[in-house]
Structures are given as C-alpha cells and as structure tokens.
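Hi,

Here's the structure I promised to pass along. Have a look at it first, and my notes follow underneath.

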Amino acid sequence: MAVWIQAQQLQGDALRQMQALYGQHFPIEVRHYLSQWIESQSWDSIDMDNPQEGTKATQLLEGLIQELQKKADHQVGEDGFLLKIKLGHYATQLQNMYERCPMELVRCIRHILYHEQRLVREATDVSSPSQVSSPADALSQKHLQINQTFEELRLVTQDTENQLKKLQQTQEFFIIQYQESLRLQAQFTQLSQLSPQERMTREPTLQQKKASLEAWLHREAQTLQQYRVELAEKHQQTLALLRKQQTIILDDELIQWKRRQQLAGNGGPPEGPLDGLQAWCEKLAEIICQNRQQVRRAEHLCQQLPIPGPIEEMLAELNSTITDIISALVTSTFIIEKQPPQVLKTQTKFAATVRLLVGGKLNVHMNPPQVKATIISEQQAKALLKNESTRNESSGDILNNCCVMEYHQATGTLSAHFRNMSLKRIKRSDRRGAESVTEEKFTILFESQFSVGGNELVFQVKTLSLPVVVIVHGSQDNNATATVLWDNAFAEPGRVPFAVPDKVMWSQLCEALNMKFKAEVQSSRGLTKDNLLFLAQKLFNSSINHLEEYNNMPVSWAQFNRENLPGRNYTFWQWFDGVMEVLKKHLKPHWNDGAILGFVNKQQAHDLLINKPDGTFLLRFSDSEIGGITIAWKFDNAERMFWNLMPFTTRDFSIRSLADRLGDLAYLQFVYPERPKEEVFSKYYTPVLAKAVDGYVKPQIKQVVPEFLPTTGDSSSGGTSYMDQSPSPGVGSSSHYNIYPQNHDSVLDAEGEFNLDDSMDVARHVEELLRRPMESQWISHTQS
C-alpha cells in the first residue's frame with residue numbers, strides 16, 4: 001500500500017506530527033496530488049555529499065515542476081479553477097526556491113518520506129504488534145533515527161538562518177525609512193525660516209508624508225518585533241531538539257560505548273571505534289555553533305535598533321541554554337580511549353590514551369592543551385564528583401604524567417598518548433574490616449584546560465579511568481584481578497565511585513565467569529551448563545543437580561574471593577583463576593579439541609568411567625590443588641578399579657607436556673568417552689631429537705607410574721636406571737620402555753591419589769640424578 005494512503009489514516013498526535021512536516025518549503029497539497037510520482041522516484045540513490053549528483057537533483061526538480069503543471073492543466077470546472085491556480089502557484093514557488101539548490105529539494109523530500117514511513121510503521125506496530133526485531137535491526141533503526149534528526153536539525157537551522165537574513169533586510173530597510181522620517185522632521189524645522197505663503201504651500205505635503213511614514217514605521221516596528229520573537233521561538237524549538245539529540249548521543253550511545261569498554265576489561269568483545277560517535281559529536285558541535293552565531297547576530301540587531309518587548313529576555317535565555325549545551329558536549333566528550341591497566345603494578349611502565357571528540361571541530365588544536373594524569377583514591381574520586389575541594393591531593397606519584405594533545409589531520413582526532421607512565425609510589429588509606437590491599441580501588445584522573453572561540457569560553461575538563469587496583473608484587477595479581485572482574489561486571493551506570501553490589505545472582509556471575517574464561521583461555525569453547533553446575537556446587541558446597549535452582553541464589557563478594565572454600569585454603573576465585581592459568585599456558589589446544597573434561601569431581605569421574613573398557617581415561621581439574629589437572633582412568637585389577645594420578649601443575653608442564661606424559665603411559669588407550677588416545681594427542685607429541693655429538697647420549701625424561709611398571713626379568717642389572725632415547729609413542733616405534741626400576745613402595749594412596757610426601761621424595765631423587773655427571777648416571781642401550 002502506498003505510504004501516502006496509510007499516512008492519511010493516522011490519528012491524533014501522529015497526524016499532527018505528519019502535518020508539521022509540511023509548509024512553505026514543501027506544501028502538503030503537492031504531496032497529495034503527486035503522491036504516486038513522488039514515491040516512485042529514487043530520492044535515496046542520490047549521494048548528498050557528492051556535488052556531481054547535482055544533475056540528478058536538477059532532473060528531479062524539473063520533473064516535479066512538470067508534473068505539477070501537468071496536474072494543473074488537467075483541472076476543469078468551477079472547483080478545478082481554484083486548484084489550477086494554486087498548483088500553478090506552487091510550481092512557480094518551488095521553482096524559485098530550489099532552482100539554485102536542487103539538492104535541498106532532495107533533502108527535504110527524503111526527510112518527509114522517512115518520517116512518514118516511521119509514523120506509519122509505529123502506528124501499525126501499535127495496532128498489530130509484529131515479531132520482535134533483532135537487536136541489530138533495532139540498533140540500525142536507532143542510528144537511522146539519529147541521522148534523520150541531524151537532517152531535521154540542519155533544515156531548521158537553515159530555516160532560522162533564512163529568517164535571520166530576512167529580519168536583517170527588513171530592519172535595514174526600516175532604518176533607512178527611519179532616517180527618512182528624521183529628514184522630514186528637519187524639513188519641518190526649516191519651514192519656520194520660509195515666508196508664510198511658501199510655508200503654507202509646502203507644509204501640507206510634508207505633514208502628509210510625515211504622518212504616512214510614521215504610521216508605516218509604527219506598523220513595521222511591530223512587525224520587526226514579531227519577527228524577532230518568532231525567530232527566538234524557532235531557536236527555542238531548535239535547541240530543545242538539539243538537547244534531546246545530544247542526550248541520546250551522550251547519555252545513551254557514549255555511555256553504552258563506555259560500558260562495552262568496561263566489559264572488554266573482563267574479556268568482552270572490543271568496544272569498537274569512536275569514529276561514528278565522533279562524527280555525531282562533531283555534527284552536534286557544528287549545529288550548536290551555528291545556532292550560537294545566529295543568536296548573537298539577533299542580539300546585535302536588537303542592540304542596533306532597540307524596540308521594547310520580551311525579546312531581550314528571550315535572547316539571554318537562549319544564550320544561557322546554548323552555553324549549557326556546548327559545555328555538556330565538551331566536558332562529556334573528553335574521554336579515555338585506551339584505559340590504563342586495571343591491575344597496576346608499581347615501578348612498571350604503562351600507557352593510556354585520552355581523546356577529545358570535538359577537539360578538531362572546535363579548533364582546540366590551534367593551541368594544543370596539556371593533559372595531566374594523577375592517581376587518586378576512591379574517596380577522593382567521590383569528593384571530586386561532588387565538586388568538593390580535594391586540595392589537589394593525590395594518592396601516589398606518577399612519572400611522565402603530562403602530555404600535550406596532538407591533532408591527526410588524516411583522522412581528524414585530537415588525543416594525548418601517555419606512553420611511558422610509571423607509578424613510583426602509592427599512598428594507601430586505612431582499610432575497613434576484612435578488606436585487603438587487593439580490594440582497595442584507585443583511579444587515574446586526567447584533566448586539562450582549553451578555550452574555545454578566542455578565549456570566549458574556557459573549559460576545565462576532567463575524566464576518571466576505570467577503577468585500578470595497585471599491587472607491588474606479582475603474587476597479588478590474582479586477587480586484584482578478582483576485584484576488577486567484580487567491579488567491571490556489576491558496576492551500575494552513574495554510580496558513586498566505585499560502589500558495586502556486595503551480592504549478585506549466580507546467573508549474573510556465570511555470565512561474567514564465562515566471558516572471562518573464553519578471553520583468558522582464548523577459546524571459543526566456553527563454559528557449558530554442566531561446567532556451570534559443577535562450579536555452582538563448588539561455590540555453594542551443595543549437591544543440588546539442577547543448574548536452574550542455583551540461578552536465583554545470591555553470591556556475595558566474600559563467597560567469591562574473601563572466604564576460603566570449605567576444607568580448603570583457597571577461595572573460589574583463586575581455584576577458578578588457577579584453572580584458567582594452566583589452560584592458557586599449557587593446555588589450550590587440548591581444551592579446544594574437547595580432550596579435557598575438566599569440571600568434574602572424583603566421584604563423577606568414576607561414575608563416568610564405570611561402564612567403559614579398561615584403559616579409558618579422562619582429564620579433570622584437581623579439587624585439592626590450584627591450577628592442577630589430574631588423570632582418572634579405569635583399570636580393573638585385584639587391587640582396585642579406578643586410579644587417580646597426582647595433579648600436574650604449570651611447573652610440571654614446563655618440564656614435559658601433557659601430550660608427552662600421556663604418550664608415556666601406554667595403558668591409557670581411550671580418551672573419554674571412546675576416542676583413541678593416539679588420534680587425539682599424537683599430533684602434539686614432541687619429535688625425537690637428533691643424536692648428540694661428542695660421544696654423549698641425550699637423556700629423556702619419561703612419565704611413569706610405579707604400580708604399572710612391567711617386570712624386566714633382568715636381575716643382573718643391579719637396579720640401574722635407564723632413560724629411553726625413543727620418541728613419544730606414535731612418533732617413533734618402540735617395543736618396550738626402559739624406565740626406573742620397580743619401586744614397591746607405592747606413591748598412590750589407598751584412594752588412588754599420590755601421597756604428597758612420597759611423591760616429593762621421588763621428585764627429589766630424580767632431581768639429584770639429573771645434577772650428577774651424565775657418564776656415571778645414564779647408560780645407553782648399547783652399553784646395557
């Protein structure tokens with residue numbers, strides 16, 4: 001159905017909005033009588049920023065005039081006579097208005113058609129709600145609305161510019177006529193010097209001219225005052241729309257960008273470039289400045305020809321409003337493009353970038369301002385936002401904390417790049433209760449001062465970084481990261497620095513943990529529902545087996561990273577962070593391959609393996625050791641059915657990889673549920689090294705489990721230890737493994753776990769052997 005047919009069915013406020021789209025710039029009668037022709041033209045195909053497209057615009061204008069004249073010629077009868085005259089008049093009017101600027105006609109009609117379609121769509125959605133559109137569609141519509149509003153602001157600003165010129169021309173003519181009235185008054189004065197007869201001849205004519213001119217001046221003064229008030233009212237409407245548009249961009253779009261930046265600190269998707277936001281802010285600045293100049297010119301006209309009335313008060317109010325709008329724009333667009341690290345170690349170099357989105361448009365770069373960085377405490381940040389004096393106090397000393405803003409001509413950006421800052425010293429406040437140093441939040445304050453419009457407006461701008469936690473040793477990193485994670489995930493917009501809920505729902509924490517997990521491990525394989533159920537059971541010390549029952553359970557900060565887990569000497573976060581650390585450093589490909597089940601406890605592992613063939617194993621994260629991963633496997637013999645190897649940690653994998661360790665254990669044959677081990681891990685085996693020169697044989701460390709050592713049957717060896725030179729299984733063939741002699745004192749405990757003390761004895765023994773001269777310790781196969 002044609003848009004115009006639907007538009008005529010609008011009711012109430014929607015109808016009034018539609019009618020307001022039309023006026024002298026484009027009469028509604030033209031839209032009505034040429035609706036079919038107008039909607040059939042390709043108005044959107046014209047590039048408004050390309051001057052070469054002017055030919056197309058001219059053709060559309062000529063087509064519109066021809067269609068109007070054709071419509072007028074077809075009008076007959078008494079009723080048609082008046083319409084014929086009216087349409088002919090509109091054709092002439094539009095021709096005169098747009099022949100020098102046909103692009104403006106294209107802008108005008110595009111603007112009208114867009115808003116008609118919007119009003120029709122909104123009315124249709126209310127009467128018959130359709131399916132909910134996707135977030136991407138909603139975002140696209142929102143951005144389209146912003147761009148259309150800018151077009152509307154451009155048109156109304158152009159309209160007020162035309163009105164201002166008309167006012168100026170009218171006032172100039174008024175002044176000329178006023179000067180004429182003064183000349184007539186002077187002539188009256190000179191009549192007294194004439195003879196009575198001559199005075200009687202000339203006085204009536206002068207009197208008539210004077211009376212006529214004074215009447216005209218009186219009427220024209222009222223007209224001028226009316227023009228001034230109408231212009232001021234138009235400016236009020238423009239500024240109201242401008243403020244609304246600015247609120248959408250600064251309090252919605254920019255705040256959303258900052259929120260994305262904050263979540264990116266937790267591993268969320270990148271916040272995206274600022275180019276689009278800068279373009280919008282620059283358009284705001286341009287339109288604000290245009291309206292500001294118009295108001296100042298209107299003030300000048302009023303000063304040039306004072307006429308008593310309300311206009312002075314209206315102009316003063318407009319000036320105040322414009323100053324407020326531009327101040328809000330400038331101060332809000334001084335932002336941190338690249339945040340400093342949120343876990344900040346003293347005596348360590350760090351960087352940050354600050355940007356002024358409207359700096360180029362306002363020509364701030366003509367006198368580039370300096371930006372200063374200072375670290376302040378949470379309390380000082382609160383006082384700063386309340387405009388309370390902090391007496392220029394800081395909570396530490398930052399080296400290289402001053403930087404001049406640079407303008408990049410190619411990109412039009414004005415920014416300050418702090419590349420070599422370093423926190424030399426930190427001053428901590430008195431901590432509250434159980435709060436540790438890794439829970440204390442600071443922020444980097446960036447501040448600058450600059451002027452706009454030849455020192456007419458001076459701005460002092462300040463912006464705060466995301467909260468940072470200061471550490472002095474790497475061992476504090478994981479607890480500091482927990483503080484940052486909680487703050488980034490659960491901070492609310494517009495909060496008092498740096499208030500954050502003490503409790504959140506488990507479902508909220510799940511989202512934050514999954515985001516952090518995928519980013520840290522650098523994997524698209526996130527946490528599954530089963531993984532999250534395991535984590536919930538661990539955190540709440542519960543055996544409930546339904547994830548949905550945990551979703552609305554509150555989790556406190558103390559549960560997350562202040563109180564140890566039951567029976568353990570570490571917190572929930574410390575355990576989870578250890579898992580991410582070992583995966584990131586050593587096990588990422590195996591996690592991505594799905595070879596690591598990970599989040600299961602010992603009993604769950606046994607339940608999964610019970611019906612599997614001997615030699616089936618799985619890899620799970622240790623409950624007892626941070627960052628540990630253990631092998632659980634099934635091998636049914638007289639002693640037991642399930643076996644659990646003492647956990648490996650990052651330190652172990654730095655010596656020998658997980659794949660090589662699994663390759664050493666030939667009796668582990670299937671990765672749960674039933675994947676052949678060689679198929680999963682052989683591609684990660686370390687290739688055998690070339691034989692050594694100078695008569696030496698290179699040793700190789702191999703993974704052994706004493707309970708599974710084969711009997712050598714060679715009693716003459718005297719218990720000599722061998723280090724096999726063969727590659728990992730699957731890389732080179734070997735009929736047997738030469739390993740350490742059988743140790744009948746098991747390092748597996750009764751539960752199938754390594755005994756820590758005994759295993760450390762074995763480790764120390766191996767370490768001692770490795771330190772001895774190679775010739776006396778290692779015997780090659782040819783010598784044995």
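Before you dig in, keep in mind that this is a predicted model.

I spent my time on one sheet. It is open, built from 4 strands in the order E6-E4-E9-E10, with antiparallel pairing. The twist from one strand to the next averages 25°. E6 and E10 (457–464) sit at the edges with a single partner strand each, so one side of each has no neighbour in the sheet.

E4 (residues 370–377) is a good place to start. Of its 8 residues, 6 are buried, so the rest of the structure largely encloses this strand. On one side, E4 runs antiparallel to E6 (residues 402–404), joined by 3 bridges. There you'll find Lys372 opposite Cys402 and Val371 opposite Cys403. E4 also pairs with E9 (residues 442–452), again antiparallel, this time over 6 bridges. Ile376 has Thr443 as its bridge partner in E9.

Two helices lie across the sheet strands. H11 (residues 311–332) crosses E9 and E10, at about 40° to E10. H12 (residues 378–385) lies across E4, E9 and E10, and runs at about 120° to E4.

Now the cysteines: how many disulfides does the structure hold? The count is 0. For Cys402, the nearest cysteine sulfur belongs to Cys403 and is 8.8 Å away; a disulfide would need the two sulfurs within 2.5 Å. Cys402 is partly exposed, at 41% relative accessible area, whereas Cys510 is buried, at 7%.

Cheers

Notes. Residues numbered from 1 in each chain as written. Predicted model: local features only at pLDDT ≥ 70, side-chain atom pairs only at ≥ 80, totals over all residues. Heavy atoms only, no water. Buried < 20%, exposed > 50% of the residue type's maximum accessible area, 1.4 Å probe, protein only. Pairing = 2+ DSSP bridges. Axes fitted to C-alpha atoms, helices over the stretch in contact; angles between N-to-C directions. Contact = heavy atoms within 4.5 Å.
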